[in-house]
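Please study the sequence and the three-dimensional structure shown below. Then attempt each exercise before reading its solution.

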Amino acid sequence: MALKYRYYLFDFDGTVADTGEGIRRSVAYSLEKLGFPALPEATLSRFIGPPLHDSYMEYCGMTDEQAEAAIAAYRERYVDIGLYESRLYPGMAALLRSLHRAGAWVGIASAKPAFMLQRLAKHFGIDGYLNAISGTGLGRHSADKRDLILAALPEGADPKQACMCGDRRFDIEAAKALGMVGIGADYGYSVPGELRAAGADAVFADLPAMAEHLLGERPRGLFISLEGSDGCGKSTQIALLKEYLEKRGFETVLTREPGGCPISERIREVILSLDSRGMSAECEALLYAASRIEHVREVIEPALDCGKIVICDRFLDSSIAYQAYGRELGEDFIRQINAKTLERVRPDRTILLTVDLAVSRKRMSQGAPLDRLELEKDDFFHRVQAGYTRLAQAEPDRVAVVDASRSIEEVFESVRAAVDEAL
């Protein structure tokens with residue numbers, strides 16, 4: 001990846017995260033507590049981005065002392081409640097991750113208090129992608145955006161190799177004054193024409209377009225597969241993982257094998273139906289391979305190309321475990337018929353959930369009616385588990401083995417840690 005700049009700085013409110021709800025509600029709380037007239041929603045949104053002290057004076061006609069009292073009242077609510085009434089813009093985590101992995105210097109420069117920025121960065125799980133977080137102290141009335149930007153850059157950084165991304169004119173004007181490129185995030189809280197009037201070098205109406213400009217290409221997504229014998233708890237862990245990643249601001253696509261797209265779902269019905277008993281092992285393996293290549297082309301590749309995280313319930317490892325070992329067809333044959341798939345995509349991280357066969361059998365008996373594969377005998381599943389063990393031993397950097405016999409919460413903690421490592 002050939003980066004356009006060496007240093008990438010971002011405003012926070014309205015650029016990295018939509019913090020509007022918490023800010024608006026906390027400003028409204030402070031006005032009510034101090035006995036000031038309520039403000040319309042549009043005016044409350046003007047508080048997002050600039051220093052609070054300046055906004056209270058401009059939009060409420062407060063004196064210096066009244067503004068200080070308003071800020072104190074605002075923080076009564078915001079620090080514990082309003083701070084977390086926010087969300088990362090979808091795709092922002094993927095952008096920051098891509099910049100970090102490409103070796104860029106990535107920083108936050110915001111008029112928000114530094115301790116709040118640090119809390120939110122950790123809350124959203126993006127702190128590991130940031131080289132610097134520059135914010136204000138609690139005692140400052142206002143902050144010169146130029147000082148905040150300079151504090152977010154390493155000593156001796158050439159401003160001509162840096163860009164500042166923000167959704168308000170203060171961000172752009174400060175960047176231009178320092179000789180930096182100013183990138184306008186028009187998806188935030190700017191008013192129409194504000195960013196271009198401030199001299200922005202480029203303005204983007206949505207985050208995907210801005211990300212492609214900053215990276216020179218679309219951010220590449222992450223492919224996560226979950227594997228294990230039937231009854232290992234994959235469905236539960238997949239749902240928890242999807243929720244966890246989306247709270248961190250990643251866009252996810254949840255899919256499965258066999259299946260995931262119309263043709264592959266029809267193949268799934270054939271493979272798993274009790275009416276297909278007697279199907280040869282070779283036919284079964286070829287049907288899985290056919291379903292997979294269609295699934296990759298229709299679902300997985302497009303999602304990864306858009307920077308999304310694909311969470312797949314089973315992938316090629318299942319074919320190796322179930323057909324190469326369970327059906328005793330051998331790895332060479334399975335890899336050969338899936339060669340076209342392997343040329344296109346491989347999981348970045350695989351979570352292998354392991355349970356004893358007795359536990360697996362018990363869990364399966366308590367669920368939906370068993371399909372054709374689930375009705376196989378114990379010796380088949382012993383071979384499947386041995387196949388998974390060989391895969392994990394052969395690729396320890398990709399395959400994370402998780403003991404799934406523990407509580408749901410304990411298992412997910414291990415799953416989360418394995419995915420965080422990949423991120």
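The exercises below proceed from the chain as a whole to its sheets, helices and single residues.

**Exercise 1. The chain as a whole**

Task: State how many helices and strands the chain has, what its C-alpha trace spans, and what share of its residues is buried.

Solution. The model is a predicted one.
- Step 1. Counting the secondary structure of the chain gives 19 helices and 13 strands.
- Step 2. Along the principal axes, the C-alpha trace spans about 85 × 45 × 35 Å.
- Step 3. Of the 423 residues in the chain, 55% are buried.
- Step 4. Consider the contacts between residues at least 6 apart in sequence: 73% of these join residues at least 24 apart.

**Exercise 2. The six-stranded sheet**

Task: Determine the strand order of the six-stranded sheet, identify its edges, and name the helix α10 contacts with the sheet.

Solution.
- Step 1. The order is β5-β4-β1-β6-β7-β8, in an open sheet with parallel pairing.
- Step 2. The edges are β5 (132-136) and β8 (202-204); each has a single partner strand, so one side of each lacks a neighbour in the sheet.
- Step 3. On average, and with direction ignored, neighbouring strands of this sheet are turned by 20° against each other.
- Step 4. One pair may be examined in detail: β1 (residues 7-10) and β6 (residues 162-166) run parallel and are joined by four bridges. Here Tyr8 is opposite Cys163 in β6.
- Step 5. Helix α10 (residues 207-215) packs on the sheet and touches β1, β6, β7 (181-185) and β8. The direction of α10 makes about 160° with that of β7.

**Exercise 3. The five-stranded sheet**

Task: Describe the five-stranded sheet by its order, its edge strands and the helix α19 that packs on it.

Solution.
- Step 1. The five strands follow the order β10-β11-β9-β12-β13 in an open sheet, and the pairing is parallel.
- Step 2. Strands β10 (252-256) and β13 (399-403) are the edge strands, since each pairs on one side only.
- Step 3. The average turn between neighbouring strands of this sheet is 20°, direction ignored.
- Step 4. Helix α19 (residues 408-422) packs on the sheet, where it touches β9, β12 (349-354) and β13. The direction of α19 makes about 165° with that of β12.

**Exercise 4. Strand β11 and its partners**

Task: Which residues of β11 point one way and which the other way, and which residues are bridge partners of Asp313 and Val310?

Solution.
- Step 1. Strand β9 (residues 222-227) runs parallel to β11 (residues 309-313), with five bridges between them. Leu226 has Asp313 as its bridge partner, and Phe223 has Val310.
- Step 2. Strand β10 also pairs with β11 in the parallel sense, over five bridges; Thr252 stands opposite Ile309.
- Step 3. Ile309, Ile311 and Asp313 point one way from β11, whereas Val310 and Cys312 point the other way.
- Step 4. Five of the five residues of β11 are buried, so the strand is largely enclosed by the rest of the structure.

**Exercise 5. Two crossing helices**

Task: Characterise the crossing of α7 and α8 by angle and distance, handedness and residue class.

Solution.
- Step 1. The axes of α7 (residues 145-152) and α8 (residues 169-177) come within 9 Å and cross at roughly 65°. Helix α7 is therefore roughly perpendicular to α8.
- Step 2. The crossing is right-handed.
- Step 3. From α7, Lys145, Arg146 and Ile149 meet Phe170, Asp171, Ala174, Ala175 and Ala177 of α8.
- Step 4. Sorted by class, this contact has five nonpolar, no polar and three charged residues.

**Exercise 6. Burial in a helix and at a single residue**

Task: How many residues of helix α5 are buried, and is Glu301 buried or exposed?

Solution.
- Step 1. Helix α5 (residues 92-101) is mostly covered, with eight of its 10 residues buried; among them are Met92, Leu95 and Arg97.
- Step 2. The buried residues of α5 pack against β1, β3 (87-88), β4 (105-113), α10, β9 and α19.
- Step 3. Gly103, which follows α5, has a positive phi near 95°.
- Step 4. Glu301 lies in helix α13 (residues 281-305). Buried means under 20% relative accessible area. Glu301 has 18% relative accessibility and therefore counts as buried.
- Step 5. Leaving aside residues up to four places away in sequence, Glu301 touches Val296 and Arg344.

Technical notes
Residues numbered from 1 in each chain as written. Predicted model: local features only at pLDDT ≥ 70, side-chain atom pairs only at ≥ 80, totals over all residues. Heavy atoms only, no water. Pairing = 2+ DSSP bridges. Axes fitted to C-alpha atoms, helices over the stretch in contact; angles between N-to-C directions. Contact = heavy atoms within 4.5 Å. Parallel < 35°, antiparallel > 145°, perpendicular 65-115°, else oblique. Left-handed = near helix turned anticlockwise from the far one by under 90°. Nonpolar A, V, L, I, M, F, W, Y, C, P; charged D, E, K, R; others polar. Buried < 20%, exposed > 50% of the residue type's maximum accessible area, 1.4 Å probe, protein only.
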